[in-house]
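Biologist: I should be grateful for a close look at a single part of this model. Please begin once the sequence and structure are on display.

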Amino acid sequence: MNAPNPRYELRGINHLALVCSDMRRTIDFYTGVLGMPLIKTIELPGDLGQHFFFDCGNGDTLAFFWLADAPDAAPGVAAPKGLPDAGELVSAVGSMNHVAFAVPPEKFDEYYERLRGEGIEVSRVLNHDDSRAGVSREVHPGTFVRSFYFQDPDGVLLEFACWTRTFTDADISHEPKTAADRRVPASH
C-alpha cells in the first residue's frame, strides 16, 4: 500500500512509544522471542525511568518507556483484555488498541506455528473480509488481510498481518460514525 499524501511527505512510523513494567522482560520478549534488535537505550533524567528502542523493520521502531511511577496496567481500558477472536477488542477512547506488524504473506503460516511452538498464546488465524462476520475460514478473493493476535508480557495486544490484495476506491464505502453514535456517553 502506498497512497500518496499531498500535504506531508510521511515515511511511515518513526516510533510508537508504549509503557512496560519490566524492561528486562520486555527485551527478552521483543528481542528474544520476536527477534527485534535493541538499537538505542536512554536513561531518563531525574530517575524518571528509561526509554528503549527496538528495530521492527522497514526503518520503523517500537519504543518502550519504563517509568518508575507508572500506574499498573488497566486491561479493558488502556488495551483490550484479551485476544479479539475471544471477543476482547474494546479499549478506551485515546488508548492504543494494538500494534500490527507487517509480515510476508509467504511466511505468515510459518510465523504462526513458530510463535505457538514458543508457547505464546495466539488467536486463530483471521482472514479479514467484507462479509457480515468480517472474517472467513478460507482465503478468497474478498479477503484483504490475514492476521493473528497475541500479547506481550504486559498485555500489549500485538498482531502479525499481511495484505492479500490492493485496495481500490470501492474499499471506501462506510459513513463515519460520530460521538453521538456511541453507546457509552462521552464524559467531559
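Biologist: In the hairpin of S3 and S4, which residue takes a positive phi? Please describe that hairpin closely, and then place it in its surroundings.

Modeller: The model is a predicted one, and the description below should be read accordingly. The residue in question is Asn58, with a positive phi near 60 degrees, in a hairpin that has two residues between strands S3 and S4.

The two arms of this hairpin are S3, residues 49–57, and S4, residues 60–67. They run antiparallel and are joined by eight bridges. One of the pairings is that of Phe54, whose bridge partner in S4 is Leu62.

On its other side, S3 pairs with strand S2 (residues 38–43), again in the antiparallel sense, over five bridges. Here Glu43 has Gln50 in S3 as its bridge partner. The hairpin of S2 and S3 has five residues between the strands, and within this hairpin Gly46 takes a positive phi near 65 degrees.

These strands belong to an open sheet of four, in the order S1-S4-S3-S2, with mixed pairing. S1 (15–20) and S2 stand at the edges; each has a single partner strand, so one side of each is left without a neighbour in the sheet. From one strand to the next, the twist averages 20 degrees. Helix H1, residues 23–33, packs on this sheet and touches S1, S2, S3 and S4. The direction of H1 makes about 5 degrees with that of S3. As a general point, side chains in a regular strand alternate between the two faces of the sheet.

Elsewhere in the model, five strands form an open sheet in the order S5-S9-S8-S6-S7, and the pairing is mixed here as well. Its edges are S5 (99–102) and S7 (135–136), each with a single partner strand, so one side of each lacks a neighbour in the sheet. S7 runs antiparallel to S6 (residues 126–128), and two bridges join them; His128 has Val135 in S7 as its bridge partner. Helix H2, residues 108–117, lies across S8 (145–151) and S9 (157–163), running at about 15 degrees to S8.

The loop between H2 and S6 contains Glu121. With a relative accessible area of 62%, Glu121 counts as exposed, because the threshold for that term is over 50%. Beyond its neighbours within four places in sequence, Glu121 is in contact with Leu83, Tyr149 and Phe150.

Conventions: Residues numbered from 1 in each chain as written. Predicted model: local features only at pLDDT ≥ 70, side-chain atom pairs only at ≥ 80, totals over all residues. Heavy atoms only, no water. Pairing = 2+ DSSP bridges. Contact = heavy atoms within 4.5 Å. Axes fitted to C-alpha atoms, helices over the stretch in contact; angles between N-to-C directions. Buried < 20%, exposed > 50% of the residue type's maximum accessible area, 1.4 Å probe, protein only.
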